[in-house]
Amino acid sequence: MSADHIFLVGRILLGGMFVVAGIRHLMIVPVLTLAVAARGVPFPRAALLAGTGFQIVAGLAFALGFFVTWAALGLILFTVVASVLLVNFWDKQGEERIALTNAFQTNIGLIGGLMISATQGA
């Protein structure tokens with residue numbers, strides 16, 4: 001398997017993860033809307049739906065090789081904002097803090113992968 005094939009599979013897996021997560025978010029809009037509202041975001045449902053739509057579209061573009069650098073940069077920004085808004089481990093205690101800390105660290109890894117991908121283009 002060549003480096004190009006490995007990169008392609010990695011890009012599909014990474015972009016696909018954002019698409020699947022976005023679709024999953026559409027299935028739990030009421031719960032996520034409450035979480036976004038709790039963080040003081042104005043128009044939480046609209047913000048959630050706009051973010052989720054962006055996540056799905058940018059994930060698809062990234063996975064399919066369209067505007068890879070821009071999609072990666074957009075997904076980096078999305079991941080940073082979502083992490084600060086919804087993965088607020090610093091406000092939690094016990095098991096919830098541990099779970100959210102792990103999710104935050106995973107997001108940091110995703111950002112790293114997106115940064116590498118942003119430099120590679122399609």
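These exercises work through a pocket, a helix and a residue in a predicted model.

**Exercise 1. Describe the largest pocket: its volume, its lining and the helices that supply the lining.**

Step 1. Start with volume. The largest pocket holds about 780 Å³.

Step 2. Take the lining. It comprises 28 residues. Nearest the centre lie His25, Gln55, Phe78, Ala82 and Leu86.

Step 3. Sort the lining by character. The split is 20 nonpolar, seven polar and one charged.

Step 4. Assign helices. H1 (3–27), H2 (29–38), H3 (44–64), H4 (68–86) and H5 (94–120) each give at least two lining residues. H4 gives the largest share, with seven residues.

**Exercise 2. Check the span of H3 against its number of residues, then find what its buried residues pack against.**

Step 1. H3 has 21 residues. The expected span is 1.5 Å times one less than that number. This comes to 30 Å.

Step 2. Compare with the model. The end C-alpha atoms of H3 are 30 Å apart, so the two values agree.

Step 3. Pick out the buried residues. Among them are Leu48, Gln55, Ile56 and Phe62.

Step 4. Find their partners. The buried residues of H3 pack against H1, H2, H4 and H5.

Step 5. Look just past the helix. Gly65 follows H3 with a positive phi of about 85°.

**Exercise 3. Is Leu32 buried or exposed, and which residues does Leu32 touch?**

Step 1. Locate Leu32. This residue sits in H2.

Step 2. Apply the cut-off. Buried means under 20% relative accessible area. Leu32 has 14% relative accessibility, so Leu32 counts as buried.

Step 3. List contacts. Leaving out residues up to four places away in sequence, Leu32 touches His25 and Leu48.

Step 4. Add a distance. The C-alpha atoms of Leu32 and Leu49 are 9.9 Å apart, with their positions 17 residues apart along the chain.

Notes
Residues numbered from 1 in each chain as written. Predicted model: local features only at pLDDT ≥ 70, side-chain atom pairs only at ≥ 80, totals over all residues. Heavy atoms only, no water. 1 Å grid on protein atoms, 1.4 Å probe; cavity = no way out; pocket = protein on both sides within 12 Å on 5 of 7 lines; lining within 4 Å. Points joined across faces, edges and corners; volume = space filled by probe spheres on them. Helix = DSSP H or I, 4+ residues; strand = E, 2+ residues; numbered from the N terminus. Nonpolar A, V, L, I, M, F, W, Y, C, P; charged D, E, K, R; others polar. Buried < 20%, exposed > 50% of the residue type's maximum accessible area, 1.4 Å probe, protein only. Contact = heavy atoms within 4.5 Å.
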